[in-house]
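Please look at the model shown here. The exchange after it asks on what grounds each term is applied.

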Amino acid sequence: MSLLGNRVLRTEDPKFLTTGGDYVGDVVLAGAAVAVFVRSTMAHAHITSIETADALAMPGVLAVLTFDDLGLPDMPPPFGPGMWPEAFSRPLLARGTVRFVGEPVAVVVADDIYAAADAAEAVIVDYQPLPAVVTLEHALTDEVLLFPEAGTNKPSGIPTGMVADTSGCDVVIHQRMVNQRVAAAPIEPRTSAAYWDGDRLVHYASSQGSHIVLGALAQIYKLTPDKIRVITPDVGGGFGAKGVPSPEEVLVGELARRVGRPVRWSESRTENMTAMVHGRGQVQQVTIGGTRDGKVLAFGLEVLQEAGAYPALGTILPGGTFLMHCGVYEFPSTGFDSKSLVTNTTPVGAFRGAGRPEAAAAIERAIDLFATEIGMDPIEVRHRNFIAPFMNGHTTRSGAKYDCGRFGDALDLAVEQAGYAALRAEQAARRATSDRKVLGIGISCYVEVTAMGGGAGGITESGSVELQADGTIIAKTGSTPYGQGHETTWAMLISDATGVPMDQIRVLHGDTDVIPSSGLTGGSRSVQIAGSAISDAATRLASNARAAAAELLEAAAGDVVLDIATGQFHVQGTPAKAVSWGAVAASAAETGTLLFADNEFSQPGPSFPFGAHIAVVEVDLDTGLVTLVRHIAVDDCGTMINPLLVEGQVHGGLAQGAAQALLEEVRYDVDGNPQTANFADYAVISATELPNFERVEMETPSPLNPLGAKGIGESGTIGATPAVHNAVIDALAHLGVRHIDMPCTPEKVWRALGEAAAR
Ligand code: MCN
């Protein structure tokens with residue numbers, strides 16, 4: 001029986017649950033010194049002086065460096081030059097001007113963390129304050145320029161020229177929506193360690209792609225790739241924010257060179273909350289128009305994207321928002337425009353979904369606004385506008401080539417599981433009895449894009465498998481897992497192709513000396529790309545081994561079959577006389593034959609997972625407190641390799657999606673001071689705020705790869721946010737509340753109720 005499609009337990013977990021993982025912070029480096037950064041306390045200021053002498057004289061201090069001491073180039077843009085004008089480029093330490101609170105200004109290296117932290121306090125930085133630009137609307141005016149030499153606060157934009165045509169609409173609605181800035185908040189904050197082995201840099205990275213880190217280091221240190229080794233051991237979460245290395249991380253190698261010892265750096269939670277890239281951060285102007293019988297004729301989305309103080313990945317994420325701005329609907333006319341703007345706040349990068357949740361949030365809120373306006377059930381409105389089921393591609397107005405989709409079917413499954421009619425009846429009953437706890441039912445239907453990028457040929461990922469002399473298999477994968485369970489999933493795929501038991505398969509990843517090439521584990525691409533590569537390599541290894549087994553069986557290779565269930569080779573029809581993988585391996589070892597296969601896989605284009613979510617909330621009208629009481633999720637990621645791990649991915653995504661709708665928001669005061677610099681101020685969601693999720697499985701295999709797989713890592717987040725958000729507004733609609741910006745905190749809900757009552 002095939003392992004694929006079974007709920008196989010994660011092989012990674014016994015270690016995590018007993019002895020714990022091996023993180024960068026656990027790497028033992030004899031004699032390692034420790035780095036601590038001196039960070040800006042001002043959102044926007046000229047640096048008039050930096051006094052380092054006192055710090056340098058303190059016991060145990062080995063070095064204190066500022067920008068002037070470095071002599072290193074600026075951070076390379078994540079996808080190479082041309083992403084934005086060079087005038088916006090980011091130095092590794094502040095160069096004359098600070099642009100956000102938390103920006104590294106100087107760095108201290110000392111014998112231990114205590115000496116380094118004390119000395120960092122002794123570095124005196126004098127600032128001449130400049131006006132801080134905190135809001136997007138302010139940035140847009142260009143009254144205060146963060147980079148005067150650029151002449152604008154706009155590093156990039158997507159002026160598509162597409163404008164939603166609302167002529168012929170009975171109803172047109174405009175709504176400003178804030179898709180607020182959130183923090184990735186991985187349990188393991190940023191950390192790195194480095195030393196020099198002669199002229200070779202060895203760098204430990206908590207990252208989502210060791211070759212991505214290697215590429216950045218090669219540019220910073222002007223080294224050829226063979227002069228760098230990057231090792232990514234276990235990673236305690238990344239959520240997109242560890243996709244690209246940060247200045248602090250890449251500097252550690254230079255610090256090691258300066259002090260002639262290994263150097264390690266680990267940030268505090270406050271440093272993580274103020275200096276690791278944030279996610280989302282869009283102000284959206286949404287237009288939706290249509291007929292009173294529920295047909296949407298026009299949808300328009302204008303985006304202002306927060307780039308933060310220095311352009312990073314977040315600057316270009318409206319590209320994903322544009323690609324997905326048609327969602328699951330057949331809108332006859334759509335419009336899109338975006339501008340990315342720098343502000344005196346932490347830079348914005350990728351966070352789970354990265355550009356696509358923002359599209360889904362805008363469309364799905366808009367559909368609900370439209371449904372309320374025309375007085376039609378939001379499910380009915382969605383059904384009247386869905387793209388009809390298709391299995392052979394559908395191209396949207398933004399040029400997205402969806403692979404296959406059954407959007408209405410996903411919603412039907414969710415409606416059935418929810419018991420939608422009964423929920424509406426309960427809602428009506430509570431309203432009729434003036435119950436102070438009202439019920440809200442929120443729907444969202446989404447389609448998202450996974451395995452995006454890589455140009456016309458699509459993205460590529462590598463994988464190889466090698467039979468060892470003892471009959472076990474060592475696999476090498478270009479994916480770099482940080483919580484997704486690739487070791488389990490890849491072992492399942494290899495076992496399925498070879499019949500070698502999973503516990504005899506070792507999956508190696510995240511070491512550039514061991515893995516020849518690797519990409520970014522992001523955009524939920526790994527199973528479909530890296531998984532297909534490893535699966536194909538395993539199939540080829542089995543074929544090579546079959547030829548070797550034929551020699552042992554003294555038979556023609558074409559007559560020999562591999563029985564996957566037993567992992568034995570035999571001549572077709574005579575299973576009694578069989579040889580094992582172990583025998584094949586031993587014989588190959590004797591003759592010095594290497595049984596090995598590798599593969600580089602790319603698929604013709606991205607895949608488009610889709611789904612439907614229904615959230616049920618209870619809102620306390622006296623306090624504004626929202627409680628998520630049920631969440632039904634249908635998320636179709638094509639063929640599921642391991643439904644248990646898929647469920648785990650969805651659960652994590654749902655939690656983060658609900659968190660954005662209800663709780664989480666990175667906030668600044670008017671001067672750009674962070675107000676959410678730790679977990680006391682920033683409301684990371686926890687199990688106590690969440691119900692047991694109800695997941696309904698649906699599988700529409702993708703034609704793009706041999707596994708039929710699409711990604712699942714981000715789907716839960718994308719579907720959950722608008723469902724929960726819509727549920728809150730739905731609960732209050734009968735009281736005249738039309739829209740509340742996320743997060744729907746008790747205070748905001750309570751205020752919205754008061755304002756509606758006063759109208
Ligand atoms: N899977 C499957 N069948 C499919 C698709 C996926 O069985 N058709 C299962 C596999 O077990 C696979 C896992 O789901 O290991 C995720 O696969 P995939 O959707 O290909 O996504 P990636 O492995 O490329 O992971 C990236 C994605 C992203 S972009 C973010 S952000 C994210 C996420 O995964 N951050 C995470 N999941 C996370 N999970 C944890 N624990 N921590 C994070 O930081």
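The questions below deal with cavities, a pocket, sheets, helices and contacts, in that order.

Q: How do you know what kind of model this is, and which atoms and residues count?
A: This is a predicted model, in which local features need pLDDT of at least 70 and side-chain atom pairs count only at pLDDT 80 or more, while totals for chains, interfaces and linings use all residues. Residues are numbered from 1 along each chain as its sequence is written, and side-chain values use heavy atoms, with hydrogens and water left out.

Q: What makes a space in this structure a cavity, and how many are there of 30 Å³ or more?
A: On a 1 Å grid over the protein atoms alone, a cavity is a set of points where a 1.4 Å probe fits but cannot get out. Rolling a probe the size of a water molecule over the atoms shows where empty space is left. The structure has three cavities of 30 Å³ or more.

Q: What does the volume of the largest cavity stand for?
A: A volume is the space filled by probe spheres set on the grid points, which are joined across faces, edges and corners. For the largest cavity this comes to about 60 Å³.

Q: What makes a residue part of the lining of the largest cavity, and which elements give two or more?
A: Lining residues have an atom within 4 Å of a point. For the largest cavity they include M324, R356, E364 and Y446. The elements giving two or more residues are α10 (356–374) and β18 (437–447), and α10 has the largest share, with four residues. Helices (H or I, at least four residues) and strands (E, at least two) are DSSP runs, numbered from the N terminus.

Q: How is the lining of the largest cavity divided by class?
A: Ala, Val, Leu, Ile, Met, Phe, Trp, Tyr, Cys and Pro count as nonpolar, Asp, Glu, Lys and Arg as charged, and the others, Gly among them, as polar. On that basis the lining has eight nonpolar, one polar and two charged residues.

Q: Which elements give two or more residues to the lining of the second largest cavity?
A: They are β8 (171–183) and α10. This cavity has a volume of about 50 Å³, and its lining includes N179, R365, H725 and D741. By class, the lining residues divide into five nonpolar, four polar and two charged.

Q: What makes a space a pocket, and what is the volume of the second largest one?
A: A pocket is an open set of points with protein on both sides within 12 Å along at least five of seven lines. The second largest pocket has a volume of about 570 Å³. Its lining has 34 residues, of which M75, P76, P77, P78 and P311 lie nearest its centre. Helix α7 gives the largest share, three residues, and the lining divides into 21 nonpolar, seven polar and six charged residues.

Q: Why are β3 and β11 said to stand at the edges of their sheet?
A: Two strands pair if DSSP finds at least two bridges between them. The sheet is open, with seven strands in the order β3-β5-β1-β12-β9-β10-β11 and mixed pairing. β3 (61–66) and β11 (228–231) each have a single partner strand, so one side of each is left without a neighbour in the sheet.

Q: How do you know that β1 and β5 pair?
A: Strand β1 (residues 33–39) and strand β5 (residues 104–110) share six bridges, in the antiparallel sense. V36 has V108 in β5 as its bridge partner.

Q: At what angle does helix α7 run to β9?
A: Axes are lines fitted to C-alpha atoms, for helices over the stretch in contact, and angles run from 0 to 180 degrees between N-to-C directions. Helix α7 (residues 247–259) runs at about 35 degrees to β9 (191–197). Helix α6 (residues 210–221) lies across β10 (200–205) and β11, at about 145 degrees to β11.

Q: What makes β22 and β24 edge strands?
A: Each pairs on one side only, in an open antiparallel sheet of three strands in the order β22-β23-β24. β22 and β23 (residues 568–571) pair over four bridges, and L562 stands opposite F569 in β23.

Q: Which residues is V415 in contact with, leaving aside its neighbours within four places in sequence?
A: Contact means heavy atoms within 4.5 Å, and V415 is in contact with I379, Y420 and I614. V415 belongs to helix α12 (residues 407–418).
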